[in-house]
Amino acid sequence: MSASNVFENGLLSLIFENANYANVGDATGLRGSSTAGVFWIGLHTSGVGDTSTQATSEATYTGYTGAGARQSVARSTAGWSVASGVADNDAAITFGACTASTNTIHSFTVGSDQTTAGNLFIWGDLTADLAVSAGITPAFAIGALDVTLD
């Protein structure tokens, strides 16, 4: 099964930018949320899957706690850009600096909760694992976190 580029962009805009997607079902279409909220981006040491939560194999290095753990990205055009079937981040997403211990980061997640198991919506593997040790600050540069529908 496949979807058209128009449909892919419409769904990604609805999900990530909270933009209305007109003419689906009727002229009103699919409506964005009245309060857009945020997504919480997390880091994980192994792959996650359909039955995982935001807490599954989540990073544990010293520094990935509290405000240094999952990072929020607004569901808006200030948080995300959508084009050609890809949603990507409009600002750097920076996690807490590692001050001790180590982790190898393998995956990222997009979910609903800041600190609990939450609802895991989307996940993906990094193009290369990231070795985190003292002095390393994991981050996604602007446009580096890509979510693709195809």
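**Entry 1: strands E1 and E2**

I began with Trp40, whose bridge partner in E2 is Ser72. I then looked up the pairing around this bridge and noted that E1 and E2 run in the antiparallel sense over four bridges. I keep in mind throughout that this is a predicted model.

Turning to the faces of strand E2, which spans residues 71–74, I recorded Gln71 and Val73 on the covered face, while Ser72 and Ala74 make up the uncovered one. Ser72, the bridge partner of Trp40, therefore belongs to the uncovered face of E2, and I set beside this the general point that side chains in a regular strand alternate between the two faces of the sheet.

**Entry 2: the sheet E3-E4-E9**

Next I followed the open sheet, in which three strands are arranged in the order E3-E4-E9 with antiparallel pairing. Strand E3 (80–83) and strand E9 (146–148) are the edge strands, each of them pairing on one side only. From one strand to the next, I noted an average twist of 20 degrees.

I went through the bridges on both sides of E4. Strand E4, residues 86–89, is joined to E3 by four bridges, and the two run antiparallel; E4 also pairs with E9, in the antiparallel sense, over three bridges. On the E3 side I listed Ala83 with its bridge partner Val86 in E4, and Val82 with its bridge partner Ala87. Val86 appears again on the other side, where its bridge partner in E9 is Thr148.

For the faces of E4, I recorded Ala87 and Asn89 as covered, and Val86 and Asp88 as uncovered. I also looked up what lies over this sheet: helix H1, residues 5–17, lies across E3, E4 and E9 and runs at about 175 degrees to E3.

**Entry 3: two residues with positive phi**

Which residue in the turn of the E3 and E4 hairpin has a positive phi? I found that the hairpin has two residues between its strands, and that Ser84 in the turn is the residue in question, with a phi of about 50 degrees. I noted this since most residues other than glycine have a negative phi. Is Ser84 buried or exposed? Its relative accessible area is 70%, so Ser84 is exposed.

I then turned to Asn23, another residue that is not a glycine, with a positive phi near 65 degrees. Asn23 sits in the loop that links H1 to strand E1 (38–44). I recorded Asn23 as exposed because its relative accessibility is 61%, where the cut-off for exposed is over 50%.

**Entry 4: the largest pocket**

Last, I looked up the largest pocket, for which I noted a volume of about 210 Å³. Its lining consists of 14 residues, and those nearest the centre are Leu126, Thr127, Ala128, Phe140 and Ala144.

Which elements give two or more residues to this lining? I recorded strand E6 (103–111), strand E7 (120–132) and strand E8 (139–140). The largest share comes from E7, with five residues. Sorting the lining by class, I entered 11 nonpolar residues, one polar residue and two charged ones.

Methods
Residues are numbered from 1 along each chain as its sequence is written. This is a predicted model: local features need pLDDT of at least 70, side-chain atom pairs count only at pLDDT 80 or more; totals for chains, interfaces and linings use all residues. Side-chain values use heavy atoms; hydrogens and water are left out. Two strands pair if DSSP finds at least two bridges between them. Axes are lines fitted to C-alpha atoms, for helices over the stretch in contact, and angles run from 0 to 180 degrees between N-to-C directions. Contact means heavy atoms within 4.5 Å. On a 1 Å grid over the protein atoms alone, a cavity is a set of points where a 1.4 Å probe fits but cannot get out, and a pocket is an open set with protein on both sides within 12 Å along at least five of seven lines; lining residues have an atom within 4 Å of a point. Grid points are joined across faces, edges and corners, and a volume is the space filled by probe spheres set on the points. Ala, Val, Leu, Ile, Met, Phe, Trp, Tyr, Cys and Pro count as nonpolar, Asp, Glu, Lys and Arg as charged, and the others, Gly among them, as polar. Buried means under 20% relative accessible area, exposed over 50%, partly exposed in between (1.4 Å probe, protein chains only).
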